[in-house]
Amino acid sequence: MSKNEGGDGGDCAPFSPGGLDIALLAAGSAIGMVNAILDERITNGYCLLRPPGHHAERERGRGFCLLNNIAITAMHAIEVRGLERIVIIDWDVHHGNGTQQAFCTSPWKSVSQLMINKMIRINYPLDTGFADELGQGLGLGFNCNIPLPPGSGDGAYR
């Protein structure tokens, strides 16, 4: 595995030459947006980033994600910028296992997560994102998974 040659970043996380640079740009873009909002250079923001990052875990990439953009950005907002509360809403067909891992057991009590995803047993990653996964230790009560059955349409959100 190398920055210039690409390689395997973890479970289902291959990357090509330059892929790590792209992942770093994505994470840096999210941090830049938060900084711009907090510095009042813009009033709001939205980052549509590839790779998205929510599968990347602390020790490895997963699911085509090398870095967890939202977890890195939330940690930056708390540690560097001094925010006291953050809510992460992850609305995707796949569960954001890496984002959940980043905060589920940690003292980051200022980070709450709401994850809306499709049924766990038939989608990547398997066996994560259950409704009873509420966090652990200091993170208990700061995670909320809402797994939806396959085929859920607009009615599932009413």
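This is a short walk through a predicted model, from its charged pairs to its nonpolar core and its largest pocket.

Let us begin with the charged side chains. Across the whole structure, a search turns up five salt bridges. A good one to look at is the pair formed by Arg 62 and Asp 11, whose closest N and O atoms are 3.1 Å apart. Arg 62 belongs to strand 4 (residues 61–62) and Asp 11 to strand 2 (residues 10–11), so this salt bridge links distant parts of the chain, 51 residues apart. The two partners sit in unlike surroundings: Arg 62 is buried, with a relative accessible area of 12%, while Asp 11 counts as partly exposed at 28%. If you widen the view around this pair, you will find a network of salt bridges that links Asp 11, Glu 57, Arg 60 and Arg 62.

Now turn to Asp 39, which takes part in two salt bridges that you can follow one after the other. With Arg 41, the closest N and O atoms are 3.4 Å apart. With Arg 81, the distance from N to O is 2.7 Å. Arg 81 lies in the loop between helix 2 (69–79) and strand 5 (86–91), and Asp 39 in the loop between helix 1 (19–38) and strand 4, so their salt bridge ties together parts that are 42 residues apart in sequence. As for how open these residues are, Asp 39 is partly exposed, with a relative accessible area of 40%. Arg 81 is also partly exposed, at 29%, whereas Arg 41 counts as exposed at 58%.

Our next stop is Asn 69, a residue of helix 2. Is Asn 69 buried or exposed? Its relative accessibility is 3%, and because anything under 20% counts as buried, Asn 69 is placed in the buried group. A polar atom of the Asn 69 side chain lies 3.3 Å from the backbone nitrogen of Ala 27. Setting aside residues up to four places away in sequence, Asn 69 touches Ala 23, Ala 26, Ala 27, Leu 49, Pro 51, Pro 52 and Gly 53.

From here we can move to the nonpolar core. The largest one has 11 residues in all: Met 33, Val 34, Ala 71, Ala 74, Ala 77, Ile 78, Ile 86, Ile 88, Ala 102, Phe 103 and Val 111. Which elements give two or more residues to this core? They are helix 1, helix 2, strand 5 and helix 3 (97–103). Helix 2 provides the largest share, with four residues. To see the packing from one member's point of view, take Val 111: leaving aside neighbours within four places in sequence, Val 111 is in contact with Ile 78, Ile 86, Ile 88, Phe 103 and Phe 142.

Finally, let us look at the empty space. Rolling a probe the size of a water molecule over the atoms shows where such space is left. In this model, the largest pocket holds about 1100 Å³. It is lined by 33 residues, and those closest to its centre are Cys 47, Pro 52, Ile 70, Ile 89 and Asp 90. Helix 1, helix 2 and strand 5 each supply at least two residues of the lining. Which element gives the most to the lining of the largest pocket? That is strand 5, with six residues. Two names from earlier return here: Pro 52, at the pocket's centre, is one of the residues touched by Asn 69, and strand 5 also contributes to the largest nonpolar core.

Technical notes. Residues are numbered from 1 along each chain as its sequence is written. This is a predicted model: local features need pLDDT of at least 70, side-chain atom pairs count only at pLDDT 80 or more; totals for chains, interfaces and linings use all residues. Side-chain values use heavy atoms; hydrogens and water are left out. A salt bridge is a side-chain nitrogen of Lys or Arg within 4 Å of a carboxyl oxygen of Asp or Glu. Buried means under 20% relative accessible area, exposed over 50%, partly exposed in between (1.4 Å probe, protein chains only). A polar contact is a pair of N or O atoms within 3.5 Å; within protein, one must be able to donate a hydrogen and the other to accept it, and residues adjacent in sequence count only if both atoms are side-chain atoms. Contact means heavy atoms within 4.5 Å. A nonpolar core is a set of buried Ala, Val, Leu, Ile, Met, Phe, Trp, Tyr and Cys residues joined through side-chain atoms within 4.5 Å. On a 1 Å grid over the protein atoms alone, a cavity is a set of points where a 1.4 Å probe fits but cannot get out, and a pocket is an open set with protein on both sides within 12 Å along at least five of seven lines; lining residues have an atom within 4 Å of a point. Grid points are joined across faces, edges and corners, and a volume is the space filled by probe spheres set on the points.
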